[in-house]
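Please open the model in your viewer and keep the selection panel at hand. The tour below goes from the whole chain to single residues, and each stop says what to select.

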Amino acid sequence: MKKIFYILAIAMLIFGSCTEENLDEPVTTNYTVSIVRECLAADELTPIINGEGATITLNNSGTVYQQHTDSLLNARFIDIKPSTTTVTIDYEGFSQTKYVVNIIDKESQSTSVSMIPSSGQYAADLSGVLYASGITIPQGINIIITPRDTVKNLVKHNGKGGVSSVYVENLTRKVIVSQNGKFTATMPATSVGISYTIVADDFIDPDTETLLKCESQEITLYSGKKSVVQIKYVQP
């Protein structure tokens, strides 16, 4: 009878120890970031060679992970904690993208990120001129080009968590008008287009001391395309 009692006691100790150990094991998940290059359609299907991929950085509950994407522009992180995680993506020729994702369960999850070309052949070339009837446009006028479109739809999450606080760096441009009221800018753009608002500084005509105000201009810019715009000045 004592032997049976000892056997049961030992079994309970072993079972209890295993159970406690399992409870203490941290819950982890796998997480994949997939990059889409938002430029000309043919380029989106081209595999990356010679290490020309993106760098993915995760800040996961204070622990930082970093990987380079593979030839298909995927980066897979193994055994990370389900938590609110900040993801930063750096990719040469594209605007840096940063977002916050809430990874909440044990299942593998993934996020697809559309990267916007900001330089090179897949960015948009914008040129323009400021115009005021019969008035010479002064040099050094500032022009601010600001995106009108939301960028949140560039990041799509496949899982029970959610994505928030999407930020794409350097979509807004500040350019300075040169001689004859002309300006140029290289702008981030996509194959479906990004809409921008263009606004220039007001100025006073030195001959008549009249204030002239810029009429804001809206324009949609497309990846790899050239666009020309004329910004008009009027008396308020």
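Begin with the whole chain in cartoon view, where the secondary structure comes to two helices and 18 strands; helices (H or I, at least four residues) and strands (E, at least two) are DSSP runs, numbered from the N terminus. This is a predicted model, in which local features need pLDDT of at least 70 and side-chain atom pairs count only at pLDDT 80 or more, while totals for chains, interfaces and linings use all residues. Residues are numbered from 1 along each chain as its sequence is written, and side-chain values use heavy atoms, with hydrogens and water left out.

Now switch on the surface: the chain exposes about 13,800 Å², of which carbon and sulfur atoms supply 52%, the areas coming from the Shrake-Rupley method with a 1.4 Å probe and, for residues, only the protein chains shown counting as cover. Of the 236 residues, 39% count as buried, where buried means under 20% relative accessible area, exposed over 50%, and partly exposed in between (1.4 Å probe, protein chains only). Among the contacts in the chain with a separation of 6 or more, residues 24 or more positions apart account for 68%; a contact means heavy atoms within 4.5 Å.

**The four-stranded sheet**

Next select β12, β9, β14 and β17, which form an open sheet in that order with antiparallel pairing; two strands pair if DSSP finds at least two bridges between them. At the edges are β12 (173–176) and β17 (217–221), each of which pairs on one side only. From one strand to the next the twist averages 25°, with axes taken as lines fitted to C-alpha atoms (for helices over the stretch in contact) and angles running from 0 to 180 degrees between N-to-C directions.

Zoom in on β9 (residues 142–147), which pairs with β12 in the antiparallel sense over four bridges. Here isoleucine 143 has valine 175 of β12 as its bridge partner, and isoleucine 144 stands opposite lysine 174 in β12. Five bridges join β9 to β14 (residues 194–200), again running antiparallel, and at this junction you can select proline 147 and find tyrosine 196 of β14 opposite.

**Two aromatic pairs**

How many aromatic pairs does a search of the whole structure find? The search finds two, with rings of Phe, Tyr and Trp (its six-membered ring) counted as a pair if their centres lie within 6.5 Å, and with planes under 30 degrees apart called stacked, over 60 edge-to-face and the rest tilted. Select tyrosine 91 and phenylalanine 94, a stacked pair at 4.5 Å centre to centre with 15° between the planes. Tyrosine 91 counts as buried at 8% relative accessibility, and phenylalanine 94 counts as buried at 13%.

The other pair, phenylalanine 203 and tyrosine 233, is edge-to-face, at 4.9 Å centre to centre and 65° between the planes. Phenylalanine 203 lies in β15 (residues 203–205) and tyrosine 233 in β18 (residues 226–234), so this pair ties together parts that are 30 residues apart in sequence. Phenylalanine 203 counts as buried at 7% relative accessibility, and tyrosine 233 likewise counts as buried, at 6%.

**From β15 through β16 to β18**

Stay with β15 and add β16 (residues 210–214), since the two pair in the antiparallel sense over three bridges, with leucine 211 of β16 as the bridge partner of isoleucine 204. These strands form a hairpin with four residues between them, and glutamate 209 in the turn has a positive phi of about 55°. On continuing to β18, you will find that β16 and β18 pair in the antiparallel sense over two bridges, where lysine 213 has valine 234 as its bridge partner in β18.

**Positive phi angles and a buried alanine**

Most residues other than glycine have a negative phi. Serine 61, although not a glycine, has a positive phi of about 55°; this residue lies in the loop between β2 (55–60) and β3 (63–68) and counts as partly exposed at 46% relative accessibility. Aspartate 79, also not a glycine, has a positive phi of about 55°, but lies in strand β4, and is partly exposed with a relative accessible area of 49%.

Is alanine 75 buried or exposed? Alanine 75, found in β4 (residues 74–80), is buried, with a relative accessible area of 1%. Not counting residues up to four places away in sequence, alanine 75 touches Tyr31, Thr32, Val33, Ile56, Gln67, His68 and Thr69. As a last distance to display, the C-alpha atoms of alanine 75 and glycine 53, 22 residues apart along the chain, are separated by 9.9 Å.
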